[in-house]
Structure formats: C-alpha cells, structure tokens
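Please load the model in your viewer and keep the selection panel handy. We will start at a pocket and then step back to the whole chain.

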Amino acid sequence: MLALVPMRTSELVFRSRREVPQDAEAASHKALIRGNYIRRLTSGVYSFLPLGYQVLRNIEHIVEEELDRAGASQLLLPALQPVDIWRATGRIDKMADVLFRVDGKSGSFVLGPTHEEAVIEAMSPDIESYRDLPKLVYQVQTKFRDEPRARFGLMRTREFIMADGYSFDIDRETMRQSYQRFYEAYLAIFARLGLQAEPVEADAGSIGGDVNHEFMVASSIGEDHFARCGDCGYQANIEAARAGAHPPVAVALDVEAVTYSTPNAPGIEIAVKALRDLGAEVEVGTMLKSMLLVDETGARVIALIPGDRTLKVPHGMRLATDAEMAGFAKGYIGPQGHSSEVRVIADPLVLTRPSWASGANKEGHHSVGLRVGVDFEVDSFVDLVVVEDGDPCPRCEGVLSLVRSVEVGHTFQLGLTYSGVLPQARYRSFEGEELPYWMGCYGIGVTRVPAVIAEQYCSSDGDAVVWPVAVAPYVVSIVGVGATKTNEVTAVAAQLHESIGQSGVSVLLEDRNISTGVAMRDLELIGSPLFCIVGARSLAKGVVELRDRIHDQTIEVPVEEIVATIHTFSRDLASERR
RNA sequence: CGGGAAGUGGCGCAGCUUGGUAGCGCACCUGCUUUGGGAGCAGGGGGCCGCGGGUUCAAAUCCCGCCUUCCCGACCA
C-alpha cells in the first residue's frame, strides 16, 4: 500500500498476455508472469517489473516496520565478500556447493549466500563490553546461492532477497529473549502479509546452532513437509520430527532363525520376492533394513530400521561409501554376528515385531526369524526413521500427519557457533573476562513471499491473483465503461482517481482507449482487491459500482460517498483473514 | 548429477516421419468503424528455424557433438 501517487494504466509497464510461457508450471508462477510482475532473465534469476516491484516494496515495508518495532536497527552489509572471512569459519568448504565465487583482478570473493561472517565483521568493533549488549540488527539484502535446481518461478531462485536479522547477547538467557523478539515480530509480519505461517521445530542444517524454528505455509507446491499433531499442537519439520513410542512386542519364542539362499536379490524389494518364492512368509514391513553408516571418528555403525521406513541419518553420521563397505556383503547386510568394533544402533520400532527377516551378511543369502536380544544384539536404540502419516505424537496420545509446505522464514539460536571460532567476536564481561557473544540469526525469504501469496490467492489455473490489501500493487482499480465513454464517465473516473488517491488509498485508473472486456481482463491480472466501475448507466442514477473481488460482491454507491466507502472496505478487508 | 520433455518472429504453436529456401493464432504498425467483459474490416512490418560440424545439387527437416530451459529425483539455510 505504499504507492500513493495515483497511477494510470497508460503509464504502467503492462501488456495483456493471453498465453504464458510454457516453462511456467505452478499457478503462482503463471499468474505472476501473465500479470507482468516478473520476467525471467535466466534459470532462477528474475527481474521484478514495476508491478512486481511494487508488491515487493509493500512486503519489505511491512517487514521493516515490524522489525523496527522489535527494536532491530536496519543496516546494509556487502553482497561481495572476501573469501578469507569464509575461510575463517570453515564455511568456504561446508557451503562450497552453493557458493558463487568471483575471482577478480583485486582478489577472490564470494557473493554472499548469507551474512553471518559479514555481520560479525561489521559489528564486532562496536561490541566491546557487556554494556554494548544486547544488539539487534537486520538488513534487506540480495543473496546468491548456486542452487542445484531452481524451481517454480520465485519459489527457489539463485538470486533472491532476504530480510536477515542478527542478535548479539551476553549469555544464553538473553539470547533467548532476543530470539523471542524476532520470533514474535515474524508472527506479526506473516499475519499482516495474509499468510498463515506456522512456526515448526526444525533442523539447523549448515547454519548450525541449537534451537530453531521454520515458519511454514501449507501449500501444494511446497518443497518441505512438516509433521503436525492435531491434538496437542506439536509441529516439526520432517527432518527434525520424531515419532512417539510404538508399543514394543515380546520376541517370539517358537521361532528359529533360518537362512535361505537368495542369489541376485540385493535390496528389500527383491529380497522379499526371492524369499516368498522359497516359501518364507515375509513382506517389506517385516524385513529389517540394515544400513552401514560411518560416524565422526570414522568408525562403522550398523543402523537397523523396518524395511518399509526411510532412514533418518543421525547427526554426525553419514552413509558409508562403497569403499568403506569392504568386508560387508553389500545388499545382504544383516544385524547379526558383527565384530565388537561395529556398533549396532536401532530405531525403537525394531522392538515392535517378534522377529525379522534380513540379510545374512553373506552374498546371496537372507535369514528369517531373527529376534532382538536372541539372534542379534543392539548396542543402543535411537530415533532413526523419518516420520510418516499416522505415527504417534511424541508429546501426547495423538497421531501425526504430514503437511506439504513452503518455508517463508527461519529463526536460529546460534549460541557460540560462530563467535566461538572467531577471535574478534568477543566482549568484556562485568567480571572483566573476555567472552564470545551469543548470537541468533533470522531470515525471511522476501522474494519468495509474492509467490507464496499468489499461490494462496490465485485460481488454480494461474488466471489471476486477488492480492491482499496489504501487498496489492493498487488497492483500487477504476474503470470507466458505457457507450462511447461519455465525457461525464471520463470526468467522474478521473475525479475519483484523484480523490481516492488523496484519501491515502493506492489507486489505478484505466485510461486507455480500449474495449471494456480488455480493460476488465487486464485489471483482473493486476489484481486489485477493489474495482470501482464508473458507467454511464449507473451514473445516470447518481451511483458508481464498487466490486469487492475478495468476496465477489458488487454494490452500488452514491458518487459522493465512494471515497468513504472505499476507505471502510479497504480497512475491513485488510483486517480480515482469508 | 540421474530420469523425462522441449528449443521455429515478442508469446503460444504447426511444419520434421517422406529434404526443395517457413506458416498459423495472439501481440505489433496504419486507416476506418467499434467500446457494460478478451471487437470488426482493409492494409502492413518482423524469423541466423538454439549453436557448431557433417551428409546432400539442396537441410527447420537426416547424422554427430554441444548449449539452454522446464518437470521428477538427488540436494537444500
């Protein structure tokens, strides 16, 4: 709602577009292209045309207002960063896959994919004492990430704008308070943007740190899933979610382990088929998946999960490479008979069956009737499976369901992850000790937001968006219609254009000499939530039409009341949840 | 990086099987008529058929190589 200069369609950079480029798939992507909001320069890189930029500025304005209110100061850090600050934290290697490197005559640089290093460089000289803390800062900056795959228009791009904030504190407790300030500001921001963003517990990934939340908007084109319990409100990203305990079952007493010869049957699916052909009663869910992992020390670990589950690799571990699997029968690994140097870990779900079928640790052989504690031992039980629909909730008696979603924000309690390794990231405490400060970092994917909003508020064919009042490029669009557009129609439309603009509502006037159908269609693509239709017919009755596109209702309003009515409507529509 | 699809005026597409010097719709330009929901008539402009090589008298079309884009997967703050 920033644009208070009344605008005319003849001045707008806009063109009717009946067809969309065939490479637009998502409805929001189609709508943003048809409406002349964005244009692709190359894969994952978009120009914001004036309409799209207006939406973007409206979003940024809301973000800035709320972060300012939370006590954060806006600054601007460089996008072009020397490689040595990335060496100092080791992220030059950790994030090598996504870093855009620039080698110029004057040295080697990185185009910042995020700004933890840069903000520490910028802030540290001004943080000398505990008296200087806490500090909250943020910026609205372009980020660069060499994404392996850009997707869905603005949804996942290689160059994008993020509003990223950082907090600096003396200890864990005050860091949590700063975190809370950002967290609450984020809830306020997304509410104003018309997005139902759910904070969910998340995994820290390469940013590092401890407690963190993702702000997720449920959407069919989301790239993430989170688990939700309808009963107690537990919500966690699928990478971080854990299921509650399934009731354990006593091991079978009347079973004996039998080994079958199953040549050329590596992997669960094929093994099940081979064992069945031999008369064994097994299915995918009664097979034990045994996977070889390597921990931080390089030691090998066998992980056991039910055959119908997906492994969640624990932190600090990774799947073994083929070379590291020397000595193990790849495709036929089982839980039994490993040397004491190989640790065996299992998901608690392994206790939910009386016996299992699995590889026999011998090329071309599988065993059935393997019992925990009898035929094989487990060193420790840890959470090893990705949660699925229907798993029990870890907090209550409820059941988890998975929700497909888009991440619009992420907040992290970093703690000492960065300050601990950078000597300049210190302050002097009351006792005179030199200590690393406690950090938090916070990000909103600003250029992703128009796509998420459009996805929520456009028809499924990407036909047109009806923008929420808070972000609409123009809240009201005026069009004059009626036989030959009499002078009166034109004059009244122009006069309303002026007075609505003066009343503080952003407004667009259709002033081109085109047919009504084209005019209406174009205005629909521009997406104002309110249309003001000035027609010869209704003008004869002393009224104009006001169409509320959010509720798809049209009312007639006396000309002299229209400014006040629009004011009421835009206020009511802005506060309403869709 | 694996799997699939596609590159032909600004946009959407046909032509390719069976080689013969490029076409349709929309958009654009000019004029007139229109204007309460993507107008009508008449006239007009615009293409290195993704790039490079090859076969051939002749290549958008056949062959080889490369590039780009989109979708699924891997990956992902």
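Which strands each supply at least two residues of the lining of the largest pocket? Select strand 9 (159-169), strand 12 (224-229), strand 22 (400-415) and strand 25 (438-445): each of these does. Strands here are DSSP runs of E, at least two residues long, numbered from the N terminus. A pocket is an open set of points on a 1 Å grid over the protein atoms alone, with protein on both sides within 12 Å along at least five of seven lines, and lining residues have an atom within 4 Å of a point.

A word on the model: it is predicted, with local features needing pLDDT of at least 70 and side-chain atom pairs pLDDT 80 or more, while totals for chains, interfaces and linings use all residues. Residues are numbered from 1 along each chain as its sequence is written, chains are lettered from A and ligands numbered from 1 in the order written, and side-chain values use heavy atoms, leaving out hydrogens and water.

Next, colour strand 22, which gives the largest share of that lining, six residues. Then show R145, E147, R156, E407 and H410 as sticks; of the 43 lining residues, these lie nearest the pocket's centre. The space in this pocket is about 1,200 Å³, a volume filled by probe spheres set on the grid points, which are joined across faces, edges and corners.

Now zoom out to chain A, whose C-alpha trace spans about 95 × 70 × 50 Å along its principal axes. Switch to cartoon and you can look for twelve helices and 30 strands, helices being H or I runs of at least four residues.

Notes: On a 1 Å grid over the protein atoms alone, a cavity is a set of points where a 1.4 Å probe fits but cannot get out, and a pocket is an open set with protein on both sides within 12 Å along at least five of seven lines; lining residues have an atom within 4 Å of a point.
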